[in-house]
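Here are some exercises for you to try with the structure open beside you. Read each task, have a go, and then follow the solution step by step.

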Amino acid sequence: MTPPFEITPGPGPLVAAAVHDGHAIHAETLPHIALADRERLREEDPFTGGLTTVAPTRIVGGRSRFEVDLNRPRDKAVYRTPDDAWGLEVWRDGAPDEAVARGLETYDAFYDAVEELLSLKVQEFGSVVVYDLHSYNHRRDGPDGPPADPGANPEVNIGTGTLDRARWGELVDGFMADLRDGAARAGLPDLDVRENVKFKGGEFSGWVHRTFGSAACVVAVEFKKTFMDEWSGAPDRAHLGQLRQALAATVPGALAARDAATP
């Protein structure tokens, strides 16, 4: 059975997380799910786990967000109504109590493990930088429908809604500039990278900031799904490689900015 999440520790103060990468659902929960496989995949963040390889320490979710959403508050982590899930009817006959309990057990275990990991990083290095990697849909009117307005849907949205910008603003600004420059070198000129346009960051980044205060800098990165067909699930491997190259280009500057901001 696919583990609920995997944490791969490595050296240094940089961590990359992809909490919505997972697609698996617990064998005892799956029969109660009303959604087809492809419907679930459309709202998940496939391939983001591969992008975490830019960091030595990686956190990758293994279960579908339709089992438990690690990027929502605990009381909203198991979707119960269509309003919780983009209008989708998740359950065949309501969320079974045992499925909810399993999901929340995973949720608690995840946050306990992440707290232990980040506590060690802060203790060793004084602060920690986390890349919180996600993706989002932009063709909700169907595979042949028009894409969402690019003015309100940047190719990369940087969420910093809960971040201490007084301390970490230079790191964020440098990250965005380096991502654009890295993308141009990778063959993606004029990558549209903007801050807090579509998303401001979810519960995971908010929890890290509440738990560790200004000792943590979480950059929530939402890639628009131009690197895949969001309706079929088919990836554009070349485009994914370019995005990974661009993301990797941000690492030296982020680490240098972390050093400068850490007493």
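**Exercise 1. Sort the residues that line the largest cavity of this predicted model into nonpolar, polar and charged.**

Step 1. Start with the list: Pro4, Val19, His20, Gly61, Gly62, Arg63, Ser64, Arg65, Val68, Leu70 and Thr106 line the largest cavity.

Step 2. Give each name its class, remembering that Gly counts as polar. The lining then splits into four nonpolar, five polar and two charged residues.

Step 3. Add the volume: the largest cavity holds about 40 Å³ of space. With a limit of 30 Å³ or more, the count is one cavity.

**Exercise 2. Describe the largest pocket: its volume, its lining and the elements that supply the lining.**

Step 1. Begin with the space inside, which is about 470 Å³ for the largest pocket.

Step 2. Turn to the lining, which has 33 residues. Arg65, Trp86, Tyr136, Phe199 and Glu222 are the ones nearest the centre of the pocket. You have met Arg65 already, since this residue also lines the largest cavity.

Step 3. Sort by class again: the pocket lining has 15 charged, eleven polar and seven nonpolar residues.

Step 4. Find the elements. At least two lining residues come from each of helix H1 (37-43), strand S4 (128-136), strand S5 (156-159) and strand S7 (216-224). S4 gives the largest share, four residues.

**Exercise 3. Work out how strand S5 is placed among its neighbours.**

Step 1. Look at the two faces of S5. Val156 and Ile158 are on one side, Asn157 and Gly159 are on the other, and all of them are buried, so both faces are covered: buried means under 20% relative accessible area.

Step 2. Follow the pairing with strand S6 (residues 193-195): S5 and S6 run in the parallel sense, with three bridges. Within S6, Glu195 stands opposite Ile158.

Step 3. Trace the path between these two strands. S5, helix H4 (residues 165-185) and S6 build a β-α-β unit, and this unit is right-handed.

Step 4. Now take S7, which pairs with S5 in the antiparallel sense over four bridges. Here Gly159 has Ala220 of S7 as its bridge partner.

**Exercise 4. Classify two of the aromatic pairs, and say which parts of the chain each one links.**

Step 1. Recall what you need: a pair of aromatic rings is described by the distance of the centres and the angle of the planes. In this model the count is twelve aromatic pairs.

Step 2. Take Phe5 and Phe110. Their ring centres are 5.4 Å apart and their planes stand at 80°, so this pair is edge-to-face; the cut-off for that class is over 60 degrees.

Step 3. Place the two rings. Phe5 belongs to strand S1 (residues 5-8) and Phe110 to helix H3 (residues 97-125), so the pair ties together parts 105 residues apart in sequence.

Step 4. Check burial. Phe5 has a relative accessible area of 19% and is buried; Phe110 is buried too, at 0%.

Step 5. Repeat for Tyr111 and Trp207. With centres 4.8 Å apart and planes at 70°, this pair is edge-to-face. Tyr111 sits in helix H3 and Trp207 in helix H5 (residues 203-212), 96 residues apart, which links distant parts of the chain. Both Tyr111 and Trp207 are buried.

Step 6. Put the pairs together: Phe5, Phe110, Tyr111 and Trp207 belong to one aromatic cluster that also includes Tyr107, Phe204 and Phe212.

Key
Residues numbered from 1 in each chain as written. Predicted model: local features only at pLDDT ≥ 70, side-chain atom pairs only at ≥ 80, totals over all residues. Heavy atoms only, no water. 1 Å grid on protein atoms, 1.4 Å probe; cavity = no way out; pocket = protein on both sides within 12 Å on 5 of 7 lines; lining within 4 Å. Points joined across faces, edges and corners; volume = space filled by probe spheres on them. Buried < 20%, exposed > 50% of the residue type's maximum accessible area, 1.4 Å probe, protein only. Pairing = 2+ DSSP bridges. Right-handed = clockwise from strand over helix to strand, strands pointing away. Phe/Tyr/Trp six-rings, centres within 6.5 Å; stacked < 30°, edge-to-face > 60°.
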